[in-house]
Each structure stands twice: as C-alpha cells, then as structure tokens.
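Please open the model in the viewer and keep the selection panel at hand. The stops below are meant to be followed in order.

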Number of protein chains: 2
Amino acid sequence: MPHALPVLDTAAASCCSPITGGVIADHDAAALAAKFKAMGDPTRVKLLSMVAASGGGEACVCDLNESLDLSQGTVSHHLGLLVKAGLLTRTKRGTWSYYALVPGALPALAETLQV
Amino acid sequence: MPHALPVLDTAAASCCSPITGGVIADHDAAALAAKFKAMGDPTRVKLLSMVAASGGGEACVCDLNESLDLSQGTVSHHLGLLVKAGLLTRTKRGTWSYYALVPGALPALAETLQV
DNA sequence: ACCTTTCATTGACAATCGTCGATGATTGGG
DNA sequence: CCCAATCATCGACGATTGTCAATGAAAGGT
C-alpha cells in the first residue's frame with residue numbers, strides 16, 4: 001500500500017495501540033449496564049442474596065421487609081427494579097408475594113465477566 | 001421442643017420460609033454494590049470492554065476518547081470512576097495515560113454471581 | 001522560553017435515584 | 001358485608017449522577 005498517510009501512521013505508532021477487537025456493541029453495553037445498574041445498590045444486593053439463600057429459591061416480602069430497616073414501600077420499589085431488570089420474578093399467591101431468581105440470569109452475567 | 005410459641009409457628013408456616021443462611025453481610029453488600037454500580041453505565045461498560053480487548057491489556061485515552069462520541073472530560077470522569085471502583089489502573093507514561101484492567105477484579109466479581 | 005498536546009479537574013445544570021409517608025388494590029377471615 | 005393484612009403505587013423531597021464547556025497541570029517539541 002503505497003501512499004499511506006504518514007502523519008496518521010506515525011501518530012498511531014507513537015501513541016495508540018488499536019482496539020484489537022471484541023469490543024462490545026452499543027446495544028449489548030446498554031443491556032449489560034442496565035443489569036449491573038440494578039445490582040448497584042447495597043439494598044438490592046442484599047435482596048438478591050436473601051432470595052438466593054432462601055429455602056426453595058423463593059422469598060416472601062414479609063421476610064425481606066423485616067430484615068432491612070427500610071419502609072415497606074421502599075423495599076417493594078427495590079424489588080420492582082430487580083424484576084424489571086430481569087433478575088427476579090414475582091408470583092402472587094393469596095395475599096403474599098414471592099420473589100425468586102430468574103433461572104440463569106446471574107450465571108449469564110457472570111459469564112460476561114470471565115476472561 | 002414443647003412450648004414452642006404456636007402463634008409464631010403457624011404464622012411462619014402460613015407465610016414465611018425463613019432465610020436459610022448465606023445472606024451477605026452489610027459490609028460485603030456495600031462493597032459489591034459499589035463495583036456493580038461502577039459498571040451500571042453503558043459508557044463504562046464499553047470502556048471496560050475496550051480496555052479488555054485492547055492489545056497488551058492497555059488502552060490509551062486517545063483511543064477510548066475518539067470512539068465514544070462524548071466530551072474528553074466526560075470520558076476522563078468515567079475512567080476515574082472505574083479506577084476508584086478498583087476495576088482499572090491508570091499509568092502515566094510521558095504525555096499519555098494508559099488504563100488497564102485490575103488483574104482478577106472482574107473474575108472475582110463473576111465468582112460472586114455463581115450458584 | 002514558548003507553544004502544543006494530552007489529560008484531569010472544576011463549576012454548573014438537568015435528570016435520575018433512594019427514601020419516606022400516604023394512598024390504593026386484592027385477598028382472606030369473621 | 002365489613003375489617004384486617006399484604007403489598008404495589010403515587011407524590012414529594014434531598015442527594016447523587018451524567019454531561020458539557022472551561023480551566024488547570026504537566027510533558028514534549030521547536
């Protein structure tokens with residue numbers, strides 16, 4: 001390739017190593033960020049942990065509420081965010097609401113962090 | 001166990017399955033949430049991806065800047081947040097700044113998401 | 001010595017977030 | 001039929017966030 005632009009060439013050589021590939025697409029970056037954002041709050045991390053650790057993989061709001069020292073409305077709000085992010089599911093049985101992990105959601109996220 | 005409190009017992013049986021254990025401690029929840037929060041923005045996810053995909057594991061700001069359609073100051077701000085969160089390191093060489101992944105930081109996070 | 005380049009930092013602004021109290025919607029029981 | 005319990009939703013508030021334009025700091029080249 002004759003007539004390459006020498007100015008650009010030397011500039012690149014002196015400073016920048018090109019991004020070699022594997023850079024995430026905009027759409028995927030947004031989707032990933034949305035899930036991480038949902039986990040970017042201590043209360044929601046604790047909620048996920050409680051649900052994951054609860055027997056049968058399900059937890060009732062009455063459990064989650066009383067061990068969090070937050071108003072009931074606030075806890076409900078956090079749970080709603082986790083559902084909207086695709087990390088939890090909500091099932092109403094009678095008067096009670098039960099939350100469970102979306103199967104595979106957290107492992108799928110973990111995958112994106114592996115080398 | 002005689003003399004268990006029947007009211008509490010039946011209440012628990014009708015509603016709540018107890019958190020069986022393994023619930024994350026407050027301090028750990030906060031630490032985890034801080035890292036996830038740092039990844040809870042599309043721009044920062046792309047930055048991490050670019051650094052991870054760059055040759056030699058290092059990326060210069062001049063690279064990162066020009067492919068992001070954001071002001072230089074904004075990109076620098078995001079990079080600073082990722083450094084503060086313990087996900088990236090910054091090394092100045094001459095006029096240029098190079099960012100690299102903190103070794104093991106992302107795999108450690110991935111570990112916390114595994115079943 | 002000056003000027004340019006590279007990058008971090010500051011100040012400012014709108015937008016979003018976490019929280020609460022209060023209200024609303026369902027369900028179950030007397 | 002009404003009442004109590006469970007939980008979601010709403011309105012409001014202070015605090016934090018993402019962004020930019022502008023400025024500051026340090027290094028290199030001429």
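Select the residues around DNA strand C: this surface divides by class into seven nonpolar, 11 polar and four charged residues. Here Ala, Val, Leu, Ile, Met, Phe, Trp, Tyr, Cys and Pro are counted as nonpolar, Asp, Glu, Lys and Arg as charged, and the others, Gly among them, as polar. The model is a predicted one, in which local features need pLDDT of at least 70 and side-chain atom pairs count only at pLDDT 80 or more, while totals for chains, interfaces and linings use all residues. Residues are numbered from 1 along each chain as its sequence is written, chains are lettered from A and ligands numbered from 1 in the order in which they are written, and side-chain values use heavy atoms, with hydrogens and water left out.

**First stop: DNA strand C**

Strand C is surrounded by 22 residues, the closest being A:Arg44, A:His78, B:Gln72, B:Ser76 and B:Tyr99. A residue is near a strand if one of its heavy atoms lies within 4 Å of it. Colour the strand by atom group: of its atoms within 4 Å of the protein, 73% belong to sugar or phosphate and the rest to bases.

Next, display the polar contacts (pairs of N or O atoms within 3.5 Å; within protein, one atom must be able to donate a hydrogen and the other to accept it, and residues adjacent in sequence count only if both atoms are side-chain atoms). Begin with A:Arg44, where a polar side-chain atom lies 2.9 Å from a phosphate oxygen of strand C. At A:Ser71, a backbone N or O atom lies 2.9 Å from a phosphate oxygen of this strand. On chain B, a polar backbone atom of B:Ser97 is 3.1 Å from a phosphate oxygen of strand C.

Now switch to the cartoon view. The elements that give two or more residues to the surface near strand C are α5 (72-84) of chain A together with α4 (61-66), α5 (72-84) and β3 (96-101) of chain B. Helices (H or I, at least four residues) and strands (E, at least two) are DSSP runs, numbered from the N terminus. The largest share, four residues, comes from α5(A).

**Second stop: DNA strand D**

Which residues come nearest to strand D? Of the 22 around it, they are A:Gln72, A:Ser76, A:Tyr99, B:Ser71 and B:His78. Sugar or phosphate accounts for 76% of the strand D atoms within 4 Å of the protein, and bases for the rest.

Select A:Ser76, where an N or O atom in the side chain is 2.4 Å from a phosphate oxygen of strand D. A polar backbone atom of A:Cys62 is 3.4 Å from a phosphate oxygen of strand D. Then move to B:Arg44, where a polar side-chain atom lies 3.0 Å from a phosphate oxygen of strand D.

In the cartoon, α4 (61-66), α5 and β3 (96-101) of chain A together with α5 of chain B each supply at least two residues of this surface. The most, four residues, is given by α5(B). By class, the surface near strand D has seven nonpolar, 11 polar and four charged residues.

**Third stop: between the chains**

Select A:Phe36 and B:Phe36, a stacked aromatic pair with 5.9 Å centre to centre and 10° between the planes. The pair crosses from helix α2 of chain A to helix α2 (residues 26-38) of chain B. Rings of Phe, Tyr and Trp (its six-membered ring) pair if their centres lie within 6.5 Å; planes under 30 degrees apart count as stacked, over 60 as edge-to-face and the rest as tilted. Both A:Phe36 and B:Phe36 are buried, where buried means under 20% relative accessible area, exposed over 50% and partly exposed in between (1.4 Å probe, protein chains only).

Next, select A:Asp26 and B:Lys46, which form a salt bridge with the closest N and O atoms 2.8 Å apart. A:Asp26 lies in helix α2 (residues 26-38) of chain A and B:Lys46 in helix α3 (residues 42-53) of chain B, so the pair joins two chains. A salt bridge is a side-chain nitrogen of Lys or Arg within 4 Å of a carboxyl oxygen of Asp or Glu. A:Asp26 counts as exposed at 54% relative accessibility, whereas B:Lys46 counts as buried at 13%.

**Fourth stop: Arg93 in each chain**

Finish with A:Arg93, which forms a salt bridge with A:Glu58, the closest N and O atoms being 3.0 Å apart. This pair links distant parts of the chain, 35 residues apart: A:Glu58 is in strand β1 (residues 58-60) and A:Arg93 in strand β2 (residues 88-93) of chain A. A:Arg93 also lies over the face of A:Tyr98, at 4.4 Å from the ring centre. A charge sits over a ring if NZ of Lys or CZ of Arg is within 6 Å of the ring centre and within 35 degrees of the ring normal.

In chain B, B:Arg93 forms a salt bridge with B:Glu58, with the closest N and O atoms 3.0 Å apart. B:Arg93 lies over the face of B:Tyr98, at 4.4 Å from the ring centre.
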